[in-house]
Amino acid sequence: MHLARNLSSVKSFVRLSSKIAIEEMSREMNGFVVAPVAGTAIIKSSDNKAIRQAANLLESGKVIALPTDTVYGLACSANDPKAIQRLYAIKGREERKPVAICVAEFDDLRHWGQADHLPNELLEQLLPGPVTIVVQKSVHLDNPFLNPGVEKIGIRIPDFDFIRDVSRAFRYPVALTSANRSSEQSTLNVREFEKLWPMLGAVFDGGQLGLREEQRAASTVIDLSQVGQYKVIREGVAVEHTVRVVEQFGFKSVV
């Protein structure tokens, strides 16, 4: 009898603690109210319906978590002002810190960014892969809340079928940032960002993404916005290969 009563008390305490934690997180969201979602769905990315479910959630303005070729990411529609604000709030990120977009194909990269000066031969040696290419935004990327005051955009084509298939199904650019609170380490499995689950439309579980801590460094970010010049913004996991490729195509490093 006493054991049953004690167990009941423990369960009640856990439920109350979880509720308090969620409420505190909601209050932290930089003034943008993000209502917790009761029982956020955890969906295997290998599920036959997962791609369509993810695309539908993006279309409805939700922020979702999903695996990439480096770390887990938080994603939303890049051209949806409210979704972008929600993404920044969940991330706890200052708006002056830019987020990248994810697309599926080279044609998409050229549509949403100004990349006519980058030959396909160069892109083919970097993408799909753990590289974010920074170029000038195109006129089609017109969300005023997406990196306000910044004329450039980082664009990714991850070497990971699920997120590329979601991008194809969605048909629009997907804003993408790592699935962790700002200043915290990036994540390699969904349990590592469990405290964010209540704020998300769904979590798509692709399992453990890697065992090496180096993988948490995420993608290499390189600015190729100027003809013939490059600047490494973040070294990431593929900096040596990336620099070697762009220099083979005659690009020179600038400070």
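# A guided tour of the predicted model

Select helix H6, residues 161-170, to begin: seven of its 10 residues are buried, so the helix is largely enclosed by the rest of the structure. The coordinates displayed are those of a predicted model.

**Stop 1: helix H6 and its surroundings**

Show the side chains of Phe162, Ile163, Arg164, Val166, Ser167, Ala169 and Phe170, which are the buried residues of H6. Next, add the elements around them. The cover over these buried residues includes helix H2 (50-59), strand E2 (64-67), E3, strand E4 (100-102), E8 and E9. At the residue that follows H6, arginine 171, the backbone has a positive phi, near 75 degrees.

**Stop 2: alanine 202**

From H6, move to E9, one of the elements that cover its buried residues. Strand E9 spans residues 202-205, and alanine 202 is located in it. Is alanine 202 buried or exposed? Its relative accessibility is 1%, and because buried means under 20%, alanine 202 counts as buried.

Now display what surrounds this residue. Setting aside residues up to four places away in sequence, alanine 202 touches Thr40, Ala41, Ile43, Leu57, Val63, Ile64 and Ala65. A distance label between the C-alpha atoms of alanine 202 and leucine 57 should read 8.0 Å, although 145 residues separate the two in sequence.

**Stop 3: the nonpolar cores**

Select Leu74, Ile101, Leu127, Ile133, Phe193 and Leu224. Within the largest nonpolar core, which has 49 residues, these touch the most other members. Colour next the elements that give two or more residues to this core: strand E3 (72-77), helix H3 (81-91), helix H4 (106-112), helix H5 (120-126), strand E6 (131-137), strand E7 (152-156) and helix H7 (239-248). Which of them gives the most to this core? The answer is H3, with five residues.

Centre the view on leucine 127. Apart from neighbours within four places in sequence, leucine 127 is in contact with Phe106, Leu109, Ile133 and Ile157. A second, separate core has 19 residues, among them Ile43, Leu58, Phe162 and Leu176. Phe162 was also seen at the first stop, as a buried residue of H6. In soluble globular proteins, nonpolar side chains tend to be buried together.

**Stop 4: the two sides of helix H7**

Select H7 and look down its axis. Thr242, Val243, Val245 and Val246 are buried in this helix. The buried residues of H7 fall within an arc of 160 degrees, so they line one face of the helix. Rotate to the face turned away from the buried side, where the exposed residues Glu240 and Gln248 are carried.

Return to the buried side and add its cover, which includes H5, E6, strand E10 (220-223) and strand E11 (229-234). Just after H7, select glycine 250, which takes a positive phi of about 85 degrees.

**Stop 5: the largest pocket**

Turn now to the largest pocket, whose volume is about 700 Å³. Its lining comprises 35 residues; Arg93, Pro98, Ala100, Val221 and Arg234 lie nearest the centre of the pocket. E3, E6, E7, strand E8 (174-178) and E11 each supply at least two residues of the lining. Which element provides the largest share? It is E7, with four residues.

Colour the lining of this pocket by residue class to see 13 nonpolar, 14 polar and eight charged residues.

**Stop 6: two glutamines in loops**

Select glutamine 215, in the loop between E9 and E10. This residue is buried, with a relative accessible area of 12%. Leaving out neighbours within four places in sequence, the contacts of glutamine 215 are Asp69, Thr70, Val71, Leu188, Leu209, Gly210 and Val237.

Then select glutamine 185, in the loop between E8 and E9. Glutamine 185 counts as exposed, at 51% relative accessibility. Residues up to four places away in sequence aside, glutamine 185 touches Asn180, Glu213 and Arg216. Its C-alpha atom and that of alanine 217 are separated by 8.9 Å, and the two residues are 32 apart along the chain.

**Last stop: the whole chain**

Zoom out to the full chain, with its seven helices and 12 strands. Buried residues make up 47% of the 255 residues. Of the contacts between residues at least 6 apart in sequence, 66% join residues at least 24 apart.

Key:
Residues are numbered from 1 along each chain as its sequence is written. This is a predicted model: local features need pLDDT of at least 70, side-chain atom pairs count only at pLDDT 80 or more; totals for chains, interfaces and linings use all residues. Side-chain values use heavy atoms; hydrogens and water are left out. A nonpolar core is a set of buried Ala, Val, Leu, Ile, Met, Phe, Trp, Tyr and Cys residues joined through side-chain atoms within 4.5 Å. Buried means under 20% relative accessible area, exposed over 50%, partly exposed in between (1.4 Å probe, protein chains only). Contact means heavy atoms within 4.5 Å. The arc is that of the directions from the helix axis to the C-beta atoms. On a 1 Å grid over the protein atoms alone, a cavity is a set of points where a 1.4 Å probe fits but cannot get out, and a pocket is an open set with protein on both sides within 12 Å along at least five of seven lines; lining residues have an atom within 4 Å of a point. Grid points are joined across faces, edges and corners, and a volume is the space filled by probe spheres set on the points. Ala, Val, Leu, Ile, Met, Phe, Trp, Tyr, Cys and Pro count as nonpolar, Asp, Glu, Lys and Arg as charged, and the others, Gly among them, as polar.
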